[in-house]
Amino acid sequence: MAALPEAWADASLGRLPRGPSRVTGGCADTCGLLAFCLANRKGRQMLVTRQPVLKRFWYPVMPAAKLPAEKPVPFRLLGQDIVLFRAAGGAPAALTDRCPHRAAALSLGFLDHDLPDGPALACPYHGWAFGPDGRCRKVPQAHDPLRGMTRGARAHHAAERYGWIWVALEDPIAGIPHIPEAEDPAFRQIDEFHEEWAVSGLRFMENSFDMAHLSYVHANTFGILAEPRPAPVRIEDTPWGFIMRGEAPVANKGISQELLRDSNARTLRIIEGRWFLPFFRASRIDYPSGLTHVLCTGATPIDDRRSMMCQWVYRNDTEEDAPAEKVIAFDREVTNEDRRVLETTTWDVPLDMAEELHMPSDKPGIEMRRRFAALLAAHGETEARLPAEA
Ligand code: FES
Ligand SMILES: [Fe+2]
């Protein structure tokens, strides 16, 4: 495949030296499983809404088709209510969903087209209209509406890429993830899911790189229960996250044979999983049959407990080879298998390695914890703690 150009990212993404690993108690002592301890941070969790640096990343929030030209759409990102709308030329815009006049929700408003520099979002309460930069463009009750008005609505970064709307609440420190296959004419894109899951972003992401869960969670679709030991993976750090490479023998049955155009009962997944800080992955899987697909998933943090699961896929085949409807049906089964288990996990994910037990195949999730800890440290943050009353 083509070399991956680096998504732009600055030094503030942070790194922690690997340093000597410290094996901590429990299973690690008794059966030799892998354990690390990042530092003496016992009892810490990472509550995403209380880590300001997470506001400085791009997140997919909805398919572009769900943001019409004539209607604002609300969204909650990292616990903050925002409103999306289309400004001049259809460009997406995002504002805090709170009017600076008397605090009404702008998402109940409408698009005011009676302005010289393109549509602005009008408040439902008194009709003040705000542009994509948050500046007040109109006060219908005033003769000289903008005189002396120094404050407007709060604006956020918004963009449209890969057919999805992306938002960064504050100035981003990394680009929107770069997906080379999206620019390759050999690939088509199939939009799959946009739905709320009761799972935190880190739990979601580590699952996407966890080779040991396939045999159990996906035993009914492609996992092989009788072969629970996954092959080791290789991880390469990148400025924006990491790339995990490995191979996984998987079962090939039912609709999967049709979608892979392979009638063998088993096949091999050759995996190049790209993780982008904080909660996005693009997992490329090459099959012996020549099929390649790239699963792109954002676990966009709605709040500490919930994520908006945004998923689409690139495939180097055609609608005749594998109808999108069947591709989605298979991935529906697979994602439901994950969801059933993931929604039982705790959402206050500890970065402290001493709080959970670990095994060698957990390495990607451990690397994620290391990178999150480094990111927080680079921005002078420590992991926010779970409030005592929760
Ligand atoms: S509250 Fe929005 S215009 Fe008055
Ligand atoms: Fe899974």
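These exercises work through the fold of a predicted model.

Residues are numbered from 1 along each chain as its sequence is written, and chains are lettered from A and ligands numbered from 1 in the order in which they are written. Because the model is predicted, local features need pLDDT of at least 70, side-chain atom pairs count only at pLDDT 80 or more, and totals for chains, interfaces and linings use all residues.

**Exercise 1. Take stock of the protein chain.**

Step 1: count the elements. The protein chain has six helices and 17 strands. Helices (H or I, at least four residues) and strands (E, at least two) are DSSP runs, numbered from the N terminus.

Step 2: check burial. Of the 390 residues, 40% are buried. Buried means that 20 or more other C-beta atoms, placed from the backbone, lie within 10 Å of the residue's own; exposed means 12 or fewer, and partly exposed lies in between.

Step 3: check contact range. Among contacts between residues at least 6 apart in sequence, 62% join residues at least 24 apart. A contact requires C-beta atoms, placed from the backbone, within 7 Å.

**Exercise 2. Lay out the open sheet that contains β1 and β2.**

Step 1: write the order. Six strands run β1-β10-β9-β4-β3-β2, with antiparallel pairing. Two strands pair if DSSP finds at least two bridges between them.

Step 2: find the edges. β1 (59–63) and β2 (73–77) each have a single partner strand, so one side of each lacks a neighbour in the sheet.

Step 3: add the twist. From one strand to the next, it averages 30°. Axes are lines fitted to C-alpha atoms, and angles run from 0 to 180 degrees between N-to-C directions.

Step 4: set the register at β2. Five bridges join β2 to β3 (residues 80–86). R76 stands opposite D81 in β3.

**Exercise 3. Place strand β17 (residues 307–315) among its partners.**

Step 1: find the partners. β11 (residues 188–197) runs antiparallel to β17 and is joined to it by nine bridges. β16 (residues 292–301) also pairs antiparallel with β17, over nine bridges.

Step 2: inspect the β16 connection. The two strands form a hairpin with five residues between them.

Step 3: fix the register at C310. H194 stands opposite C310. So does G298.

Step 4: compare the faces. In a regular strand the side chains alternate between the two faces of the sheet. S307, M309, Q311, V313 and R315 take one side of β17, and M308, C310, W312 and Y314 the other; all are buried.

**Exercise 4. Test the length of helix α6 (residues 363–378).**

Step 1: compute the span. The expected value is 1.5 Å times one less than the number of residues. For the 16 residues of α6 this gives 22 Å.

Step 2: compare. The end C-alpha atoms are 22 Å apart, which agrees.

Step 3: look at the surroundings. In α6, 13 of the 16 residues are buried. Just after the helix, G380 takes a positive phi of about 70°.

Terms used: Two residues are in contact if their C-beta atoms, placed from the backbone, lie within 7 Å.
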